[in-house]
Amino acid sequence: MIGPLISWYFRQRFEELQNMAVRSADTQEIWFEYLLDQGKNTEYGEVHQFKKIKTYEQWKNMVPVAEYETLKPYIERTMLGEQALLWPGEITWFAKSSGTTGNTAKFIPISFENLEETHFKGSRDILSVYCNRNADTTFFHGKGLLIGGSHKIHQLNTRSFYGDLSAVLMNHMPYWVNMKSTPDLSIALMDNWEEKVESMAHATIGENVTSISGVPTWTLVLFNKILEITGITHIHDVWPNLELFIHGGVSFVHFKMHFEQYLPLKQMQYLEIYIAIEFFFGIQYDAASPEMLLMSDHGVFFEFYPVGEDPINAVPAW
């Protein structure tokens, strides 16, 4: 009974997503006030006088746009155990970024609220969108195959840890997600990629996999390994009930043709997401369009800048 019950819940959630889509400005105003209130008693909030800020115009005038290097001293102190510097809640986990700017890795503080309101809420909303498109889905009758990157966890001190985003998320997933996921965490958390692919292939061949989540490149590597082990032609011969691939990280344009060769059945659907360490940005809302819905109700307040201008020097406008 758990499958139909979960499916019903996600279809109900879709109504809230529709409201979010048409009331984004109102939703963002709520988050602006909430985040300002949460930050006013942090060291960063005290430095920039959050308590005196009542409007967005005051925010723009009183709080400068910050680069990572501006926040780095606060993050490093948090990694050493200090609290209430950038966020009032306790921070003990950090996601390591490979660094899209510069050559050094960046460490992003991950709070409980960030996990719940951003990443896990976004993950639930993926399923809400999909269940609304497919009322008769058997998605929840099987398991979801999660393909992540390096999952090694490193300990900073007795209370603090860091790893890539996949590692942090997998170490905090709700119990029901673990129940409906494959492979076992002992395999999913393996750090050696070649060993993990081999183990993942053997562990999941006998499972009823109905969905896959991962980067297209890594997923194709796993497909090749599974076909090599089984000697069969198509992935649907291994997982006949597979119906959904949730993907992100790279453009899918040049990969879809390869996926269709592995997965020729018409039941197969694809759903793109845009996720980063800091935030769950968007979900492909309409299967017929590559455009994605910006998640305005997921714990982040957005500021927008003219295309081509340096945000450090440009004037933001909502």
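The following exchange explains how several descriptions of this predicted model are reached.

Me: Why is Thr27 called buried?

Reply: Thr27 has a relative accessible area of 12%, and buried means under 20%. The value falls under that cut-off, therefore Thr27 counts as buried. Thr27 lies in helix H2, residues 24-39. Leaving aside neighbours within four places in sequence, Thr27 is in contact with Ser296 and Asp297.

Me: What makes His234 partly exposed?

Reply: The relative accessible area of His234 is 26%. Buried would require a value under 20%, and exposed a value over 50%. Because 26% lies in between, His234 is partly exposed. His234 has its place in the loop between helix H11 and strand E8 (244-247).

Me: What is His234 in contact with, leaving aside its neighbours within four places in sequence?

Reply: His234 is in contact with Leu227, Gln261, Tyr262 and Pro264. A contact here requires heavy atoms within 4.5 Å. As for Glu303, it is 69 residues from His234 in sequence, and the two C-alpha atoms are 46 Å apart in space.

Me: Why is strand E2 described as largely enclosed by the rest of the structure?

Reply: Strand E2 covers residues 106-110, and four of these five residues are buried, so the strand is largely enclosed by the rest of the structure. Strand E10 (280-284) is likewise described as mostly covered, with four of its five residues buried.

Me: How do you know that strands E1 and E2 pair, and in which sense do they run?

Reply: Two strands pair if at least two bridges are found between them. Strand E1 (residues 93-97) is joined to E2 by five bridges, and the two run antiparallel. The number of bridges satisfies the requirement, therefore E1 and E2 are a pair. Within this pairing, Trp93 stands opposite Ile110 in E2.

Me: What makes E2 and E4 the edge strands of their sheet?

Reply: The sheet is open and consists of four strands in the order E2-E1-E5-E4, with mixed pairing. E2 and strand E4 (154-155) each pair on one side only, and these are the edge strands. E4 pairs with strand E5 (residues 161-163) in the antiparallel sense over two bridges. His154 there stands opposite Tyr162 in E5. Helix H5 (residues 68-79) packs on this sheet and touches E1 and E2, its direction making about 60° with that of E2.

Me: Why is helix H10 called oblique to helix H11?

Reply: The axes of H10 (residues 193-204) and H11 (residues 216-230) come within 9 Å and cross at roughly 55°. An angle under 35 degrees would count as roughly parallel, and 65 to 115 as roughly perpendicular. The crossing angle belongs to neither range, nor to the range over 145 degrees, so H10 is oblique to H11. The crossing of H10 past H11 is right-handed.

Me: Which residues make this contact, and how do they divide into nonpolar, polar and charged?

Reply: From H10 the contact is made by Trp193, Val197, Glu198, Met200, Ala201, His202 and Thr204, and from H11 by Trp218, Val221, Leu222, Lys225, Ile226 and Ile229. The residues of the contact divide into nine nonpolar, two polar and two charged.

Me: Why is one side of E6 and of E11 left without a neighbour in the sheet?

Reply: Seven strands form an open sheet in the order E6-E3-E7-E8-E9-E10-E11, and the pairing is mixed. Strand E6 (181-182) and strand E11 (292-294) stand at the edges with a single partner strand each, so one side of each is left without a neighbour in the sheet.

Me: What makes the pairing in this sheet mixed?

Reply: Strands of a sheet can pair either parallel or antiparallel. Strand E3 (residues 143-146) and strand E7 (residues 209-214) run parallel and are joined by four bridges; in E7, Ser211 is the bridge partner of Gly144. Strands E9 and E10, in contrast, run antiparallel with three bridges, and a hairpin joins them through four residues. Ile275 stands opposite Phe280 in E10. E10 and E11 also run antiparallel, joined by three bridges, and the bridge partner of Ile283 in E11 is Leu293.

Conventions:
Residues are numbered from 1 along each chain as its sequence is written. This is a predicted model: local features need pLDDT of at least 70, side-chain atom pairs count only at pLDDT 80 or more; totals for chains, interfaces and linings use all residues. Side-chain values use heavy atoms; hydrogens and water are left out. Buried means under 20% relative accessible area, exposed over 50%, partly exposed in between (1.4 Å probe, protein chains only). Axes are lines fitted to C-alpha atoms, for helices over the stretch in contact, and angles run from 0 to 180 degrees between N-to-C directions. A crossing is left-handed if the near helix is turned anticlockwise from the far one by less than a right angle, and right-handed if clockwise. Ala, Val, Leu, Ile, Met, Phe, Trp, Tyr, Cys and Pro count as nonpolar, Asp, Glu, Lys and Arg as charged, and the others, Gly among them, as polar.
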